Amino acid sequence: MRISSNWITELAPNEVFVFGSNLEGRHCSGAARLAFTKFGAAWGNGVGMCGQSYAIPTMQGGVLSIKPYVDDFLIFALNNKHLTFLVTEIGCGIAGFTPRDIAPLFRMVVDRNIQNVYLPESFYNYYK
């Protein structure tokens, strides 16, 4: 198991902070605010890689509306094996989801043993 820390405050040069965002890229609170103030997320950019951060929109609807963005992220991670992606509990704050809701979207990380994606420990509880 590759577990991301619950409190990410520093990144190595090859690490990327993966956080839940809104499509408008208004990074006002929580992990999104940290991504904006510390890890290079750009105001107005709510999807994808920017600086040392990767935004996955979680505020636009239900879990099924998040899935395509997670799928795009996983393809990006597979194509960028030189980077290590530290996934936060996306969608489990202001968006109102729980790890039980979001963890299945990342199941491919475990099934395909994707080495450069680290998930929150709370997600691993649903892969047993």
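**Exercise 1. The sheet**

In which sense do strand 1 and strand 6 pair, and over how many bridges? Use the answer to start laying out the sheet of this predicted model.

Solution.
- Step 1. Strand 1 pairs with strand 6 in the parallel sense, over 2 bridges. Isoleucine 3 faces leucine 119 of strand 6 in this pairing.
- Step 2. Strand 6 also pairs with strand 5, again parallel and over 2 bridges. Here the bridge partner of phenylalanine 85 is valine 117 in strand 6.
- Step 3. Strand 5 runs parallel to strand 2, and 4 bridges join them.
- Step 4. Strand 2 is joined to strand 4 by 5 bridges, and these two run parallel.
- Step 5. The full order is 1-6-5-2-4-3, an open sheet of 6 strands with mixed pairing. Strand 1 (3-4) and strand 3 (48-50) each have a single partner strand, so they stand at the edges with one side left without a neighbour in the sheet.

**Exercise 2. Strand 2 and its surroundings**

Determine which residues stand opposite one another along strand 2, and what lies across this strand.

Solution.
- Step 1. Towards strand 5 (84-87), glutamate 15 stands opposite threonine 84, and valine 16 stands opposite phenylalanine 85.
- Step 2. Towards strand 4, valine 18 has tyrosine 54 opposite.
- Step 3. Helix 1 (residues 30-38) lies across strand 2 (15-21) and strand 4, at about 135° to strand 2. Helix 2 lies across strands 2, 3, 4, 5 and 6, and runs at about 155° to strand 4.
- Step 4. Count the burial: 6 of the 7 residues of strand 2 are buried, so this strand is largely enclosed by the rest of the structure.

**Exercise 3. The two faces of strand 5**

Sort the residues of strand 5 by the way they point, and state whether they are buried or exposed.

Solution.
- Step 1. Recall that side chains in a regular strand alternate between the two faces of the sheet.
- Step 2. Thr84 and Leu86 point one way. Phe85 and Val87 point the other way.
- Step 3. All four are buried, the cut-off being under 20% relative accessible area.

**Exercise 4. Two loop residues**

Place methionine 59 and asparagine 113 in the fold and describe their exposure.

Solution.
- Step 1. Methionine 59 is in the loop between strand 4 (53-57) and helix 2 (63-78). Its relative accessible area is 42%, so methionine 59 counts as partly exposed.
- Step 2. Beyond its neighbours within four places in sequence, methionine 59 contacts Ser21, Asn22, Ile94 and Ala95. The C-alpha atoms of methionine 59 and leucine 23 are 7.4 Å apart, with their positions 36 residues apart in sequence.
- Step 3. Asparagine 113 belongs to the loop between helix 4 (107-111) and strand 6 (117-120). With a relative accessible area of 44%, asparagine 113 is also partly exposed.
- Step 4. Check the backbone: phi of asparagine 113 is near 50°, a positive value in a residue that is not glycine.

**Exercise 5. The largest pocket**

Give the volume of the largest pocket, and work out what lines the pocket.

Solution.
- Step 1. The volume is about 610 Å³.
- Step 2. There are 31 lining residues, and those closest to the centre are Gly20, Ser29, Gly30, Ala31 and Ala32.
- Step 3. Strand 2 and helix 1 each supply at least two lining residues. Helix 1 gives the largest share, 4 residues.
- Step 4. By class, the lining has 14 nonpolar, 14 polar and 3 charged residues.

Notes. Residues are numbered from 1 along each chain as its sequence is written. This is a predicted model: local features need pLDDT of at least 70, side-chain atom pairs count only at pLDDT 80 or more; totals for chains, interfaces and linings use all residues. Side-chain values use heavy atoms; hydrogens and water are left out. Buried means under 20% relative accessible area, exposed over 50%, partly exposed in between (1.4 Å probe, protein chains only). Contact means heavy atoms within 4.5 Å. Two strands pair if DSSP finds at least two bridges between them. Axes are lines fitted to C-alpha atoms, for helices over the stretch in contact, and angles run from 0 to 180 degrees between N-to-C directions. On a 1 Å grid over the protein atoms alone, a cavity is a set of points where a 1.4 Å probe fits but cannot get out, and a pocket is an open set with protein on both sides within 12 Å along at least five of seven lines; lining residues have an atom within 4 Å of a point. Grid points are joined across faces, edges and corners, and a volume is the space filled by probe spheres set on the points. Ala, Val, Leu, Ile, Met, Phe, Trp, Tyr, Cys and Pro count as nonpolar, Asp, Glu, Lys and Arg as charged, and the others, Gly among them, as polar.
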